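The report below goes through one molecular model, from its helices to the overall chain and then to individual backbone and contact details. Please read it alongside the sequence and the coordinates.

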Amino acid sequence: MNELLVKAGYTIISLFVITNYGLLLGGTMARVRAKVQGRVGQPVWQPYIDILKNNFKRTGIYHGVMFYLGPVFRLAGGLGTYLFIPAVYGSVIFSNFSFSGDLLLVMYFIFFGQLGMALGAGQSGHPYSPLGVSRGLAQMTAFEVPFALSVISIAAQYQTLSITELVAVQQGGIFNWIAFTNPLAMIAGMISFLGMSMGNPFSVVIAPQEIPIGPPTEMQSSFLGMLQTNRAIFNGAKLVLFMNLYFGGATHIGVMVIKTFIIYLYTVIIDASFPRFRTDQSIRFFLGIPTLIGIAAVVLQML
């Protein structure tokens, strides 16, 4: 019992760190986008202000139980994704519950949050919400294909789905990273990560300047604050996951910050450089070259 309480305490500390790190990353990258576009941009601490503002608001709108469970499911997806990933390999505090789950469980949590949000937004009664939901689930199904193939290739290569074990086999030098031992799997996975991040050219879910009504406006007050908090947690969790899968993980929190910052910067550069795809273009893209690369990665491991 005492060990469980200590582990829970460490997990709370780890969750506090990743939440604040995700919020600061979001504020920093928003400022980077602004600089690329020739604007001054928001302050780095703007995400904190937005969350506090929304949590102090109240709403009298009622759409049904599922509408309010949507943000809860979304937050559960972000928490579940992070809590079963070792944020820092070998760390007592930042190992989380990685010993209790594997890569398949983490992939399930990634989809769980999206599906819960889809069910919640679909009950809002606004015709644009199902439109955003259908776009999101269609694109997610598409980018999950090359990502799943990448995971299958890695699992076949190392005969394990344990994220901790995958990080362990990558220790000892940069050339032990899966990015070098299985570059095709890394390429397929990192292209999928662009869709998972939902920045340009894959921002079809929110579709800025096209569909201004959906979860960001339907979910008001503290519900929006919950979604913003999850965005920080889920964003940090995804960055840590892909760092662990392809780039050797991290044995120190400073290394984790550097690697995840570079991975996030990669998505922001793409976001700031390309216009948005249409939904059909996005789906065709992920089911095209990235899927072929994923298939090639699997085939090479079976030879």
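Helix α10 covers residues 221-246, and because a rise of 1.5 Å a residue over its 26 residues should give a span of 38 Å, the 38 Å between its end C-alpha atoms agrees with expectation. The expected span is defined here as 1.5 Å times one less than the number of residues in the helix, while the helices themselves are DSSP runs (H or I, at least four residues; strands are E, at least two), numbered from the N terminus. The model is a predicted one, in which local features need pLDDT of at least 70 and side-chain atom pairs count only at pLDDT 80 or more, whereas totals for chains, interfaces and linings use all residues. Residues are numbered from 1 along each chain as its sequence is written, and side-chain values use heavy atoms, with hydrogens and water left out.

Helix α10 is mostly covered, with 22 of its 26 residues buried; buried means under 20% relative accessible area, exposed means over 50%, and partly exposed lies in between, using a 1.4 Å probe and protein chains only. Just after α10, glycine 248 adopts a positive phi of about 80°.

Helix α11 (residues 253-273) has 21 residues, and the distance from its first C-alpha to its last is 30 Å, close to the 30 Å expected at 1.5 Å a residue. Its buried residues include the charged-type side chains Lys259 and Asp271 as well as Met256, Ile263 and Tyr264. The buried residues of α11 pack against α1 (2-36), α8 (183-197) and α10, where contact means heavy atoms within 4.5 Å.

**The chain as a whole**

The secondary structure of the protein chain amounts to 13 helices and zero strands. For its 303 residues a compact globule would have a radius of gyration near 19 Å, and the 19 Å of the protein chain agrees with this; the radius is taken over C-alpha atoms, and the globule rule is 2.2 Å times the number of residues to the power 0.38. Along its principal axes, the C-alpha trace spans about 55 × 50 × 40 Å. Buried residues make up 48% of the 303 residues, and among contacts between residues at least 6 apart in sequence, 79% join residues at least 24 apart.

The chain exposes about 13900 Å², of which carbon and sulfur atoms supply 71%; the areas come from the Shrake-Rupley method with a 1.4 Å probe. The mean positions of the 16 positive and 9 negative charges are 11 Å apart, with Lys and Arg counted as positive, Asp and Glu as negative, and His and the chain ends not counted. Each charge is placed at NZ of Lys, CZ of Arg, CG of Asp or CD of Glu.

**Backbone details in the loops**

Most residues other than glycine have a negative phi, and most peptide bonds are trans. In the loop between α3 (65-83) and α4 (103-122) lies asparagine 96, which has a positive phi of about 55° although it is not a glycine. Asparagine 96 counts as buried, because its relative accessibility is 0%.

The loop between α8 and α9 (215-218) holds proline 201, which is joined to asparagine 200 by a cis peptide bond with omega of about 5°. Methionine 198 is found in the loop between α8 and α9 as well, with a positive phi near 60°; its relative accessible area of 27% makes methionine 198 partly exposed.

**Three partly exposed helix residues**

Which residues are found in α5, α3 and α7 in the table that follows? Valine 145 is found in helix α5 (residues 128-158), leucine 79 in helix α3, and threonine 181 in helix α7 (residues 178-181).

| Residue | Relative accessible area | Partner and C-alpha separation |
|---|---|---|
| Valine 145 | 31% | Isoleucine 295, 9.7 Å |
| Leucine 79 | 23% | Isoleucine 233, 6.9 Å |
| Threonine 181 | 32% | Glutamine 157, 9.3 Å |

Leaving aside neighbours within four places in sequence, valine 145 is in contact with Leu287 and Thr291, and leucine 79 touches Leu15 and Ile233. On the same basis, threonine 181 is in contact with Gln157, Tyr158, Phe175 and Asn176.
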